[in-house]
Every structure is written in structure tokens, then in C-alpha cells.
Amino acid sequence: MDKTIIQQNLYMQKAFFTSGTTQNIKFRRESLQKLYTTISNKKDAIEEALKKDLGKSSMEGFMCEVGLVIEEIKFMLKHLKSFSKEKKVPTPITNFHSVSKIKPSPYGVCLIMSPWNYPFLLTMTPLVDALAAGNTAFVKPSAYSPNTSNIIKEILEETFSPEYVTVVTGGREENEYLLSQKFNYIFFTGSKEVGKLVMQKASENLIPVTLELGGKSPCIVDESANIKLAAKRIVFGKFLNCGQTCVAPDYILCHKSVKDELVAELKKQIQLQFGTNPLENKNYGKIINKKHFDRLLGLINKEKVVHGGNSNEATLQIEPTIMDNVAFEDSVMLEEIFGPIMPIVTYSYLDVAIDSINTKDAPLALYIFTSKKEVANKVTEQCTFGGCCVNDTIMHLVSTHLPFGGVGESGMGSYHGKFGFDTFSHNKSILNKKTWIDLPMRYQPYQEKFEKLIRFILR
């Protein structure tokens, strides 16, 4: 998009927001309903775009992207009125006689920058939350998933005027230009490296941000775990979208006594879920581009591969791959994998496993497979992470009742459901003081007769 048009649309959005139109609950509801209708009508086109960009099957595209966006819209439509209500809170006696209220209010013009791995879900979900909270929005989808970006542009331009929602396509140049503008809020999903740049640019204009980043999410399997079920759920979570999921289990921390059993079950599950030749499975996706394909191949140590490892450069596919006897010093453990490679590291004592997690950057997710409640409690209490599943993987992110977000190096802020509405809202504090009484004790000149009373009230 031409920079002049970006400037014009930004000016229009600021004027539109100032008009107060988006503050109206009826307007917000109608806007979300329109978006719901357009998405429902274009479901097949969205799934086809996801297939072209990432090789996602129709089922995976709906289950992991389209369906979750629809669910977010329905949730907001159901709860919009209650989320938007002013809430009375207690008033201290020092403010007698007054009424204290908290009023959720939109920030204004928001910038939403989304990634390529779940290009529809991670664009539309924060947009739904932003519009529900009463904001206007600029949407910048990823250039790496052009087919999905195009259908997003088509949907939003058909549904909304640019003074309300503007879509900007393009690459780095457009990203840099948008980040130089004075938005009221920035919501970014992507890599840690780009997240640092976003935060730096936002700080120049003191713009509040939400950063949804990533990291090496560990998956602990202790000696009491149901190994067959653990393997089934780990394979699902790890190799969904070819491992290109920010909350995918990045590596397994397995108790050494059950490691061989787990490896055997992981192999069985890969064959059960993807077939004996996953590269010929029509429902198995692909790596987003050649750059990431080559990077992933560089992380595979053939000497440590115990399953998979084959690839097809023509289709940008890499088999679900298991690497055994991996050390934390190996190259595959020095960066977020973001692909279908599963390294296995063993441990002998739980405290050592916990220490190995806590000495690294805080992960976006953590998974623990155990049948011992005390083990699950210890891990969830002592480890720092964004979100967690006990005896499952990635399923915590589908709940509209759980906040989704990182901590420390894996991000800041959260969204989904009420948490998304709150993220895009500023809570105004309002004190409404009555005029029929005006206590004289706070005014100068201070009188000694009031001092004891003040000290008593505020003690």
C-alpha cells in the first residue's frame, strides 16, 4: 500500500474513532456479526489459501484456524455487553460522599501485526478482540503467507470501510513504515528478534504493546507417565502444521528410565498419525519457504536421528524426525526449532530437569506428563512459562476462558476471550463526587481539631 494512502487511512481512523461511533455497543455487535457472516461465507476460500501457503488440509485449516476465529467471535457476541459495562467499586470514607467506577474504554487506533504460521487465526483473533473493545485497526498480515494475506484483505475490505479497518500487505518496508507511525496500541505476534524491534519502535512514541513471541517449550515426561498416551499427544502437538507452531513442544525432557519406551511409542504414533511415508500423505503440510527449510535441515544431526530425517526439497517437506541422545550443547537445542524435529534429552532427577528449564529463557509453553499430582504441582509452581498443559500439549490455547500469552523472553500481555477484550481496553477510573456536602478538613489552613480525626481515618 502506498505510504500516502496509509497516512490518509490513519487520519480517517483517528477521526472515526474520535466521532465515538465505535464506542456504541450496537455498532460493535453489528460489526462482529458482519465479520462472522463474511468468514462463514468464505470458509472454503480461506482453507484453500492455507493449503497453498502451508499445505494444511481442510480439516486442519478449519480445526486450527477458521473454527477458532468463529468461536472467538461467538464468545464476544455473547459477552460483549457485560464486558463493556461500567463496574462500581467501593469508595473509601475519605471520599464521602462519592461513587467510584471503572469504565473499560478502547485505546483508539490499533496496529495488529501477524505471522505466517497460523496466518488467519493469529490475524483475526486479535482483530476480533480489538473491535469488540471498541477500537479501529490497521492489520498487517505476513508477506510469507501471501495467499492467506490476500483472502484476509478480501474479507476485511468487503466487510469494513478503511476508516474502521485497514489492511496493509507487503513486506519489511511496509512494516518499518507502519512502526514509525503513532498508533494507540500495537499487537505483535512473531519472532523474538522482530519483537525487540517492535518494542524499540513503540517506545519512541510511548505506545503500549502486546508481544506474542515464542521460545523453546519443554515437554517433561516422568517415570510415572502414561507413555502410550503421552506419545500420542506429543506427536499431535509437535508435528501439527509441521512443527510450525509457537507452542509446539520444542524438545522432550524424559526420565532416563522410560526413554526407550517413549521413543518406541513415538515412532508408532508417527506412523499411525502420518503413515509409513509422511511425505506422500496429502494431509501432511510443508515448510513455509526455502529459507526455513534449509535452516531446519541444518539442525538435523543424522547420527542422532532414530526416526525420520528424510526431506523433499521440491515440496519443502521434512518428515517427522526424532533425535535421541541429544545434549543441550547441540545446535538443535540452541534455538527455537519451529519445525518437525523432536530432540530428546534425558534426566535422572526432577530438580535437575526443573533447573535446566529455569536457567534458560522463559518458554511460551510448558508440558508435563505424569500421573503424580505432586510432580505436576512442583513443575507448575517452580517453572516460569506462559501457559501449560498437564498430560496434554497445545490444547490450552483453544480455550476462550484461559489467557494466552508469554512471559519474559516469550512475550508480554495475553489475549483470548475476556483477556483479549481487556488487552485492547484501558480501564478508566472515575470518581463521581456529590455536591451536597463538602468536608472542610482537607483544606488549608489546617485545623488542629481535625488532625486527630484524619489520623484516625487513615491509620
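**Note on a buried asparagine and two surface patches**

1. The backbone oxygen of phenylalanine 274 and a polar atom of the asparagine 281 side chain are 3.1 Å apart. The model is a predicted one. A second contact involves the side chain of asparagine 281, which reaches the backbone nitrogen of asparagine 283 at 2.8 Å.

2. Asparagine 281 belongs to the loop that runs between α10 (259-274) and α11 (290-299). The relative accessible area of asparagine 281 is 19%. Buried means under 20%, so asparagine 281 is classed as buried.

3. Ile93, Phe96, Trp436 and Leu439 make a nonpolar surface patch of about 430 Å². One of these residues, phenylalanine 96, sits in the loop between β1 (87-89) and β2 (98-106). Its relative accessible area is 38%. Patch residues need over 30% relative accessible area, and phenylalanine 96 is partly exposed because its value of 38% falls between the 20% and 50% limits.

4. A positive surface patch is also present, formed by Arg29, Lys81, Lys85 and Lys87. Among them, lysine 85 is placed in the loop between α4 (58-84) and β1. Lysine 85 has a relative accessibility of 48% and therefore counts as partly exposed, since the exposed class begins over 50%.

Technical notes
Residues numbered from 1 in each chain as written. Predicted model: local features only at pLDDT ≥ 70, side-chain atom pairs only at ≥ 80, totals over all residues. Heavy atoms only, no water. Patch = residues over 30% accessible without salt bridge, like charges linked within 9 Å, V, L, I, M, F, W, Y side chains within 5 Å. Areas by Shrake-Rupley, 256 points an atom, 1.4 Å probe, with all protein chains shown as cover. Salt bridge = Lys/Arg side-chain N within 4 Å of Asp/Glu carboxyl O. Helix = DSSP H or I, 4+ residues; strand = E, 2+ residues; numbered from the N terminus. Buried < 20%, exposed > 50% of the residue type's maximum accessible area, 1.4 Å probe, protein only. Lys, Arg positive; Asp, Glu negative; His and termini not counted. Charge placed at Lys NZ, Arg CZ, Asp CG, Glu CD. Polar contact = N/O pair within 3.5 Å; in protein donor to acceptor, adjacent residues only side chain to side chain.
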